[in-house]
Amino acid sequence: MVNQRIPYGRQNISEEDIKAVVDVLRSSHLTQGPSIEAFEKAVAQRCGVKHAIAVCNATAALHISCLALDLRPGQELVTSPNSFVASANCGLYCGARVGFVDIDSRTWNMDINALERRLASGSIPQVVVPVHFAGQSVDMDHLGALKRRYGFAVIEDASHAIGATYQGRPVGFCDNSDITVFSLHPVKVMTSGEGGLILTNRDDVAARVKRLRSHGITRDQALMPGPSHGPWYYAQTELGFNYRMTDLQAALGLSQLHRLDEFTSRRRQLVHQYHQLLESLPVVRPWEQNGNQSAHHLYVIRIQHHLLDPSRTKNQVFQSMLELGIEVNLHYMPIYWQPYYEQQGHKKGQCPQAEAYYQEAMTLPLYYDLTDDQQRRVVESLRQSLGL
Ligand SMILES: *Cc1c(COP(=O)(O)O)cnc(C)c1O
């Protein structure tokens with residue numbers, strides 16, 4: 001029998017998930033109905049935050065979050081180079097400049113000490129976007145202290161981290177940030193097909209992102225500049241978008257939210273097993289900070305190429321894994337190495353840790369349905385691909 005290909009990540013959809021979506025299909029509202037509010041309320045409750053606002057994806061969530069925090073042309077947004085391009089693109093959407101702070105050599109998250117040095121030198125951005133890489137929270141207490149001292153806004157890009165905890169509390173509580181964003185893309189820890197969530201304790205930000213997700217329109221008299229003309233009336237008070245989530249997606253999201261702990265606990269078990277199975281191989285395994293629990297969106301290793309036969313290149317190792325049916329991936333090339341960012345004047349060399357990381361990183365398959373047998377096949381394939 002030919003071995004099945006093993007992807008690096010994939011969703012799990014249960015019969016209950018399917019039923020939840022079908023129920024909406026049979027109902028009167030496919031969008032702008034009651035499932036959205038039910039989902040938003042459940043997320044807010046779980047994370048211990050005042051507001052949760054559902055949108056069509058996390059990229060849209062980051063965009064209108066930046067707008068709600070008044071990010072403007074000429075100002076700066078700073079993020080981690082070790083992320084998906086959306087963490088930085090949101091700044092460009094607003095006409096702002098984007099800057100990058102190098103990563104910590106252990107967590108592979110933004111190095112908050114490096115950010116602190118940048119701030120101390122007088123370079124204060126309008127918005128900082130920490131990314132909870134692979135599902136592990138950034139040191140938010142340290143970042144929060146800097147936020148209070150220097151006055152910048154913070155959007156946590158927690159696209160990898162729904163289901164994670166920081167100091168025993170679910171990521172998303174926003175004590176040290178203005179906003180937290182989750183992604184519900186199928187490859188993430190839980191899914192709504194496509195989807196994003198904006199969490200905040202600020203009433204002004206919640207009102208603003210709700211307006212921005214729906215054309216900049218409000219039906220709330222209190223938010224209108226003048227009197228209503230009648231029951232049909234709505235007022236567009238700024239330029240917004242159609243970034244809404246549908247009720248089909250919200251129903252799937254809510255159903256998956258009930259399974260989130262089950263998802264993260266299986267992922268944690270697989271991570272524990274990877275740690276053991278990889279112990280004797282020349283790879284650096286991911287490091288977890290004490291007291292916090294990662295959502296384990298990704299399992300990334302760093303291959304110690306200097307310990308391998310020098311004729312074996314990184315590309316050969318990847319190629320060999322793919323030939324063995326293991327769909328490894330690489331999260332991430334530094335964002336500023338992207339051709340678009342180079343065209344904007346970003347130079348190689350600005351974040352040495354992120355660049356060294358990129359030379360070694362490999363994402364191994366990790367998802368709820370990965371079996372123990374498949375996991376052993378991944379590790380055996382890796383041993384073979386490393387030439388050992
Ligand atoms: C997936 C991802 C996004 C974008 O999420 P979408 O919901 O696909 O728009 C943003 N930031 C990070 C770090 C991501 O991994």
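Visitor: Where does Gln 375 lie in this model?
Guide: Gln 375 is in helix α13, which covers residues 372–385. Keep in mind that we're looking at a predicted model.

Visitor: Why is Gln 375 called buried?
Guide: Its relative accessible area is 1%. Buried means under 20%, so Gln 375 counts as buried.

Visitor: What makes the pairing of Gln 375 with Gln 273 a polar contact?
Guide: The two side chains come to 2.7 Å. The cut-off for a pair of N or O atoms is 3.5 Å, with one able to donate a hydrogen and the other to accept it, so this pair is a polar contact.

Visitor: On to the ligand. Which residues are closest to the ligand?
Guide: Thr 59, Asp 157, His 160, Ser 183 and Lys 188 are the closest of the 15 residues that surround it. Helices α3 (58–68) and α4 (86–93) each supply at least two residues of that shell.

Visitor: How do you know that His 160 makes a polar contact with the ligand?
Guide: An N or O atom in the His 160 side chain is 2.8 Å from a ligand oxygen. That falls within 3.5 Å, so the pair qualifies. For Ser 183, the side chain also has an N or O atom 2.8 Å from an oxygen of the ligand, while a polar side-chain atom of Lys 188 is 3.1 Å from a ligand oxygen. As for cover, the protein hides 92% of the 390 Å² of accessible area that the ligand has on its own.

Visitor: What classes of residue make up the shell around the ligand?
Guide: Five nonpolar, eight polar and two charged. The ligand itself sits in the second largest pocket.

Technical notes:
Residues are numbered from 1 along each chain as its sequence is written. This is a predicted model: local features need pLDDT of at least 70, side-chain atom pairs count only at pLDDT 80 or more; totals for chains, interfaces and linings use all residues. Side-chain values use heavy atoms; hydrogens and water are left out. A residue is near a molecule or strand if one of its heavy atoms lies within 4 Å of it. Accessible areas come from the Shrake-Rupley method with a 1.4 Å probe; for residues, only the protein chains shown count as cover. On a 1 Å grid over the protein atoms alone, a cavity is a set of points where a 1.4 Å probe fits but cannot get out, and a pocket is an open set with protein on both sides within 12 Å along at least five of seven lines; lining residues have an atom within 4 Å of a point. A molecule sits in a cavity or pocket if more than half of its atoms lie within 2 Å of its grid points. Helices (H or I, at least four residues) and strands (E, at least two) are DSSP runs, numbered from the N terminus. Ala, Val, Leu, Ile, Met, Phe, Trp, Tyr, Cys and Pro count as nonpolar, Asp, Glu, Lys and Arg as charged, and the others, Gly among them, as polar. Buried means under 20% relative accessible area, exposed over 50%, partly exposed in between (1.4 Å probe, protein chains only).
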